[in-house]
Amino acid sequence: MKGEQLFKYIISGQMGGSVGDMLRGGLSKASRLYEKVVEYRNDQYNDPKRVYTAPVPVISVGNITVGGTGKTPMVRYVCEVLDRKQYAVSVLSRGYKADNNKKSIVVSRQGHVEVSSFISGDEAWLLAKTLPHANVVIGTKRVESAKIAVEQLGSNVLVLDDGFQHRALGRDADIVLIDASHPFGYGHVLPRGLLREPLDNLKRAHYIVLTKTNQVEPEVLEDLRNEIYTLVPHIPVAETIHKTLGFQTLEEWSHSGPIHDIADYDGTPLLAVSGIGQPASFITNLKSYGFAVQDMMSFGDHHDYTEEDVVKIWQHCFTKGIQGIITTEKDAVKLSQVRAIRDLKIPIYVLVIGIEFTAGEEEFTSYLLRVAKGN
């Protein structure tokens, strides 16, 4: 069992017995310390003097847990809504796993990508690749990135990617995503659970969007709605699913080729390969779309694929008689950079995912446009 899998095995309570109890007890002590640090930091940023106010509206998209809630497709959705109204948008990303994100770097200008994924990190590069008119700027100092976006790139709206906990840059809208299938990180703050901060801090949010709502039973979703209402009754809630837009070969994806309809899939038995926060959600999606997933290989979140990884993937396919591979767009960023991937003699598909609202879309988009107008 890998490190990340073992960690979740412990904090979820699946590891039973005295050893599991002892480990969770130790993590609980560390959580209490972590929580105090988080609350101290939040108290500091409750002082308006410590927060930079940009001269243009700032819309933050974030979450309250570690792991995949669907921030990248939601950021893409927000940018598309603003782009249709002719706003000049810049996405400000931390640039997780970038080569060097200490200094702000312009990844793309109006959809023209200027650096490699090794420099920008996979998520920022993916946004740069798929947003035809927006700018993308990475850097841990979002205030510096905001100034570059406004003063050098001429942006009149900023979208802060993964910004709920980054409070040095003020925001006009805090949109918080909650994964309906794993909503509250096992109910504990890191490292005992996956919460980045106590649930009570959801009160800072302006809008909550539930994601992956089709991956839970209706009664579970209703319980989640009630729990959120109890926590933050004044905050509007919208609901979404991750909807496939189709699939591409890795070569087509790399060169922005055509997206094929699911009906074009020929039934090839597939190995699902992913390095994301919630690999089980990826498998659930694939099976719901009708892909013949014969087996899966999961790597750690934001995994940097190597030549050796590609060899292991090929060996797994050969041993199991699997005739194709399917992966996520985020994984495609890294896999497409590995030379050995071109030598595989089996098809490699990339699942293209978007956000689809199942409740509250009109209210949500109206809210975005009000914020962008400065209302």
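How much accessible surface does the protein have, and what share of that surface belongs to carbon and sulfur atoms? In this predicted model, the accessible surface comes to about 17,200 Å², and 52% of that area belongs to carbon and sulfur atoms. The fold contains 12 helices and 13 strands, and 54% of its 375 residues count as buried.

**Overall dimensions and contacts**

- The radius of gyration is 21 Å, which agrees with the value near 21 Å that a compact globule of 375 residues would have.
- Measured out along the principal axes, the C-alpha trace of the protein spans about 60 × 55 × 40 Å.
- Among contacts with a separation of 6 or more, 76% come from residues that are 24 or more positions apart.

**Charged side chains**

- The protein carries 41 positive and 45 negative side chains, and a distance of 6 Å lies between the centres of the two sets.

**Strand E13 and its neighbours**

- Strand E13, which covers residues 348-359, is mostly covered, with nine of its 12 residues buried.
- Strand E9, formed by residues 237-249, runs antiparallel to E13 and is joined to E13 by 10 bridges; within this part of the structure, glycine 246 has valine 352 of E13 as its bridge partner.
- Strand E12, made up of residues 324-328, pairs with E13 in the parallel sense over four bridges, while threonine 328 stands opposite leucine 351 in E13.
- E13 is thus paired in the antiparallel sense with E9 and in the parallel sense with E12.

Definitions and conventions:
Residues are numbered from 1 along each chain as its sequence is written. This is a predicted model: local features need pLDDT of at least 70, side-chain atom pairs count only at pLDDT 80 or more; totals for chains, interfaces and linings use all residues. Side-chain values use heavy atoms; hydrogens and water are left out. Helices (H or I, at least four residues) and strands (E, at least two) are DSSP runs, numbered from the N terminus. The radius of gyration is taken over C-alpha atoms; the globule rule is 2.2 Å times the number of residues to the power 0.38. Buried means under 20% relative accessible area, exposed over 50%, partly exposed in between (1.4 Å probe, protein chains only). Contact means heavy atoms within 4.5 Å. Accessible areas come from the Shrake-Rupley method with a 1.4 Å probe; for residues, only the protein chains shown count as cover. Lys and Arg count as positive and Asp and Glu as negative; His and the chain ends are not counted. The place of a charge is taken as NZ of Lys, CZ of Arg, CG of Asp or CD of Glu. Two strands pair if DSSP finds at least two bridges between them.
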